[in-house]
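The following questions and answers introduce a molecular structure to a reader who has not met it before. Please keep the sequence and the model at hand while reading.

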Amino acid sequence: MPLRVYFATTWNEKCGIADYTRHLSNSLRKLGVEVGIVANITDRVEWPDEDYVTRCWRLGNLDPLIEFASRLETHDILHLQHEWGMMGKMAEMEVFVNKFHALKVHPKLVITVHSVGPLDTWYRLKGKIDALIVHAKHMLIPASDLGEKTHIIPHGCPVYPAIAKERARRITGLEGKIVASFGFMFRHKGWERVIKALAPLRDVKFMLVSSFWGKGETTNEYERNLKKLADEEGVELIHIHDKFEIDKFMPYLASADIYVTSWEVHDRGITSGSAMMGLTARLPIVTNNTNIYSLLHPYALVVPRHGTEALTRAIKRLLEDEHMYKQYKRLSEEGYAKLNWDAIAERYVDLYSSLFWDCFRNPEPLPEDYVPPPHPEGLYEDPEQKKRLDWLKRNARGRILEVGCATGYVLKYVGGHVGVDINEDRLEEAVKKGLEVYVMDATELKFPDKSFDTVLLPEILEHLEPEQAVKALREALRVGKRILITLPKEWPDIEHRWFPTKESVEVFLWQALRDNKAEIEMEETGKFYLIQIKAPAITPASPRASARPSPRA
């Protein structure tokens, strides 16, 4: 069972929020997350709904969303994509959150605020929201009082393979010097400023890849005004307005020489999602210093927002200076690598995983002066323990490492060779048994890659915080060819930092192995989960020592 996330959002319509959620959902599914869509009832639907879509709520009536949430598990996640025109006024959101929190059983509640407005309501609700997400630092500043539950996760750019300009132009038939931009045909986008900036350049065409909002009545006039202005200024305007799917419009963007964002001039509590398309196109980007473009600022040529002279000069320099052009193209490529939706989805998985584990963590912290008790070997006389040990002995083969070997009882029982533990006192007993043992952290094994045929993790992973347990299993995969894990079904003492259940164990394995093609076999006894993994090692994030450590003597 992977993580389960349900997005409350617009869907299958020409809407920035729907587009945002679709890109994020696609990237999460690549990582193995199970995604459901809880969409609004609307007459704006442009495409047929998929099997995983439920439509149940309307603007001004979120009660059906409460009823949907009541059917979810506590470790599921309901993620609202909040925007004023979609979810209603803050008073309605406050009623929704209070009703949600009053449910006897409810999932984790995550809210992405796409447009930051008055925050006094968010302050009142912060104890009832598990995570509040904004896209950029300028959106976080007024929300800073919401504390550690507030997260900055940038708006992503679509994942799409780079298209060489020559190939793109063979597809589109375009030629000449072209500056491109992208976004809905809204008056506040400020494209008339771009047209005026291009006028002095004369031989540079302006290609606007856009779509009309809804049926287009409110934007047709703006399009006519732009065409009229372009004619007056002597700028050739290429308007691509009938290609909403990325496969259809990306060859047009890739046919351009430069990407210029829309040209808004007022700071606002949002980020521009359409501006991110410049990164997907991997073109040199020109934008202004308005805060809504702040995510692009490290990867773009940034000029003052007011007036058009600076924009004219920036475009002219990029077209004439080959070195400068290549420099900003490289920056755009770097921005794509960091901000494409696949990369952003990894950050969401980290957040979702943390919220999931909150349902299974031991709420009692280990006291700072905690001293582990002696490890009684008599516990292995229990019949269920004997079954566990016999399973380990039956499946262990070749050169064997035990992680968390304590006194060495299990290692000796299965005929193992090397053991590691962080408790020196317990290792003294292992030394007396004639075993080769080392003081070592499970998350930093100082052994070469694939140096053991079998690595044992018997009743050790539950002693680590879930995030550390994931690291420990990945380290075991690095040094071993076969991993044997046992986990208890009970929560007998304070040393256990999370509670293994079928759900938590499956998510743990998914989280640790999602970058690894592994063969997993899991079985259960009355008291234990028994797990066998055969997989190549995950490439470590940092080099590990290849020299053998000094054994404990």
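The turns below concern a predicted model and treat strands, helices, a pocket and single residues.

Q: Which strands form the edges of the open sheet of seven strands?
A: The sheet has mixed pairing and the strand order β16-β15-β14-β17-β18-β20-β19. From one strand to the next, the twist averages 15°. An edge strand pairs on one side only, and this holds for β16 (436-439) and β19 (519-524).

Q: Which residue of β20 stands opposite Glu521?
A: Strands of a sheet pair through backbone hydrogen bonds, either parallel or antiparallel. For β19 and β20 (residues 528-534), the sense is antiparallel, over six bridges. Within β20, the residue opposite Glu521 is Gln532.

Q: What angle does the direction of helix α17 make with that of β16?
A: Helix α17 comprises residues 424-432 and packs on the sheet. The strands it touches are β15 (418-421) and β16. Its direction and that of β16 make an angle of about 170°.

Q: At what angle to β19 does helix α19 run?
A: Helix α19 is formed by residues 502-513. It lies across β18 (480-488), β19 and β20. Relative to β19, it runs at about 165°.

Q: Which residues lie nearest the centre of the second largest pocket?
A: The second largest pocket has a volume of about 1200 Å³. Elements that each supply at least two residues of its lining include α15 (383-395), β14 (400-403), α16 (409-413) and β15. Of the 47 lining residues, those nearest the centre are His375, Arg426, Glu459, His463 and Glu495.

Q: How many charged residues are in the lining of the second largest pocket?
A: The lining can be divided by class into nonpolar, polar and charged residues. There are 24 nonpolar and eight polar residues. The number of charged residues is 15.

Q: Which residues of β5 point the other way from Lys108, Val110 and Thr112?
A: Strand β5 (residues 108-113) is mostly covered, with six of its six residues buried. Lys108, Val110 and Thr112 point one way from the strand. The residues that point the other way are Leu109, Ile111 and Val113.

Q: Which residue of β6 stands opposite Thr112?
A: Strand β5 runs parallel to β4 (residues 77-82), to which six bridges join it, and His82 stands opposite Val113. With β6 (residues 131-134), β5 pairs in the parallel sense over three bridges. Opposite Thr112 in β6 stands Ile133.

Q: Is Ser255 buried or exposed?
A: Ser255 has its place in the loop between α10 (246-254) and β11 (258-260). Leaving aside neighbours within four places in sequence, its contacts are with Lys165, Ala168, Arg169, Thr172, Leu174 and Ile178. Because its relative accessibility is 0%, Ser255 counts as buried.

Q: What is the phi of Asn12?
A: Most residues other than glycine have a negative phi. Asn12 lies in the loop between β1 (4-9) and α1 (16-30), and its relative accessibility of 5% is why it counts as buried. Although Asn12 is not a glycine, its phi is positive, at about 55°.

Q: How does Lys450 count by its relative accessibility: buried, partly exposed or exposed?
A: Lys450 lies in the loop between β16 and β17 (452-458). It is not a glycine, yet it has a positive phi of about 55°. Because its relative accessibility is 28%, Lys450 counts as partly exposed.

Key. Residues numbered from 1 in each chain as written. Predicted model: local features only at pLDDT ≥ 70, side-chain atom pairs only at ≥ 80, totals over all residues. Heavy atoms only, no water. Pairing = 2+ DSSP bridges. Helix = DSSP H or I, 4+ residues; strand = E, 2+ residues; numbered from the N terminus. Axes fitted to C-alpha atoms, helices over the stretch in contact; angles between N-to-C directions. Contact = heavy atoms within 4.5 Å. 1 Å grid on protein atoms, 1.4 Å probe; cavity = no way out; pocket = protein on both sides within 12 Å on 5 of 7 lines; lining within 4 Å. Points joined across faces, edges and corners; volume = space filled by probe spheres on them. Nonpolar A, V, L, I, M, F, W, Y, C, P; charged D, E, K, R; others polar. Buried < 20%, exposed > 50% of the residue type's maximum accessible area, 1.4 Å probe, protein only.
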